[in-house]
Amino acid sequence: MSDGNGRRAQRARYTRGMGRGLAVAVMVIAGSAGVAYYYQHVAGRVVQAAENSNPSVPADARVDRGRYLVTITGCGDCHTPLTMTDKGPRPDPDRLLSGHPERATVLPAPKTQGAWVWSGAGTGTAFAGPWGVTFAANLTPDKNTGLGIWTEPMFVRAMRTGKHWGEGRDIQPPMPWRAYAKMTDEDLKAVFAYLRSVRPVRNYVPDYVPAGEE
Ligand code: HEC
């Protein structure tokens, strides 16, 4: 009897022990599931939100990247008007990326001869060729004459599709959008962030004149 009692007591202790072990195990599993859930769903969303609204890279790192890209892809070669200096024509730092100057005199485009392309106005921002005459756009954030009202998705779309404003007429030569279309999203956004950061210049750029029109 006493033996049976002893064993029963032992079994009771054992099951109590198991119960406690089980409870601890359940807590551990639930706990790690909770942690995993937190990282996957809550923290993940927080990180994602940070990337969407405000890039995970600090804002000025993005602008710096954009400045670098705009420099090496030569946007200014067409979009910054040249000014005459004692060392010859140089990009005008006061009109950085502001496009074809509205007051520049443009000689009438010559009759196109085959594939010859002509760059007029001395500012290097107007181009004539078989497509007609184009004027480099104002890329500064000026509200009415630049990219002021453009959104980042519009800009990315324009550069990827070669459509004016991302959805209108075809963007004409010599704007090399086909090359820029190959940039990563991150780089195109960096370019846009940089363009947003330059000094706005009020300069109304004339619209594209298709071939055969005045
Ligand atoms: C070889 C000259 C050239 C270079 C280099 C160039 N562009 Fe352009 N870009 C133009 C011309 C010309 C236009 C006007 C085209 C038209 O009216 O269809 C233009 C138009 C644009 C537009 C207006 C598109 C629209 O919706 O009408 C944007 C934005 C633009 N360029 C951005 C850039 C950026 C950013 C770079 C550098 C990454 C760049 N361009 C480099 C010549 C150039």
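**Figure 1. The largest nonpolar core of the predicted model.** This close-up of a predicted model shows a core built from 26 residues. Within this core, the residues touching the most other members are Leu 97, Leu 139, Val 191, Phe 192, Tyr 194 and Leu 195. Several elements each bring at least two residues to this core: helix H3 (75-79), strand E4 (126-129), strand E5 (132-135), helix H4 (152-161) and helix H6 (185-197). Look out for H6 here, since its seven residues are the largest share of the core.

**Figure 2. Leu 139 and its contacts.** Which residues is Leu 139 in contact with, leaving aside its neighbours within four places in sequence? They are Cys 75, His 79, Leu 97, Gly 99, Gly 146, Leu 147 and Leu 195. You have already met Leu 97 and Leu 195, which belong with Leu 139 to the group touching the most other core members.

**Figure 3. A closer look at helix H6.** Follow this helix and you will find that Leu 188, Ala 190, Val 191, Phe 192, Ala 193, Tyr 194 and Leu 195 are buried. You can also check the length of H6 yourself: with 13 residues at 1.5 Å a residue, H6 should span 18 Å. The C-alpha atoms at the ends of H6 are 18 Å apart, so the expected span and the model agree.

**Figure 4. The four-stranded open sheet.** Here the strands line up in the order E3-E4-E5-E6, and their pairing is antiparallel. Which strands lie at the edges? Strand E3 (118-120) and strand E6 (209-210) do, because each pairs on one side only. Strands in a sheet pair through backbone hydrogen bonds, and they may be parallel or antiparallel. Between E5 and E6, which run antiparallel, there are two bridges. Try finding Val 133: its bridge partner in E6 is Val 209.

**Figure 5. Around the ligand.** How many residues surround the ligand? There are 23, and the closest are Cys 75, Cys 78, Ala 137, Gln 172 and Met 175. Helix H3 gives the most to this shell, with four residues. Sorted by class, the shell has 16 nonpolar, six polar and one charged residues.

**Figure 6. Stepping back to the chain.** To place these views, note that the chain has six helices and six strands. Along the sequence, they follow the pattern α-α-α-β-β-β-β-β-α-α-α-β. Of the 214 residues of the chain, 22% count as buried. Among contacts with a separation of 6 or more, 57% join residues 24 or more positions apart.

Notes:
Residues numbered from 1 in each chain as written. Predicted model: local features only at pLDDT ≥ 70, side-chain atom pairs only at ≥ 80, totals over all residues. Core = buried A, V, L, I, M, F, W, Y, C linked by C-beta atoms within 7 Å. Buried ≥ 20, exposed ≤ 12 C-beta atoms within 10 Å, placed from the backbone. Contact = placed C-beta atoms within 7 Å. Near = placed C-beta within 6 Å. Nonpolar A, V, L, I, M, F, W, Y, C, P; charged D, E, K, R; others polar. Expected span 1.5 Å × (residues − 1).
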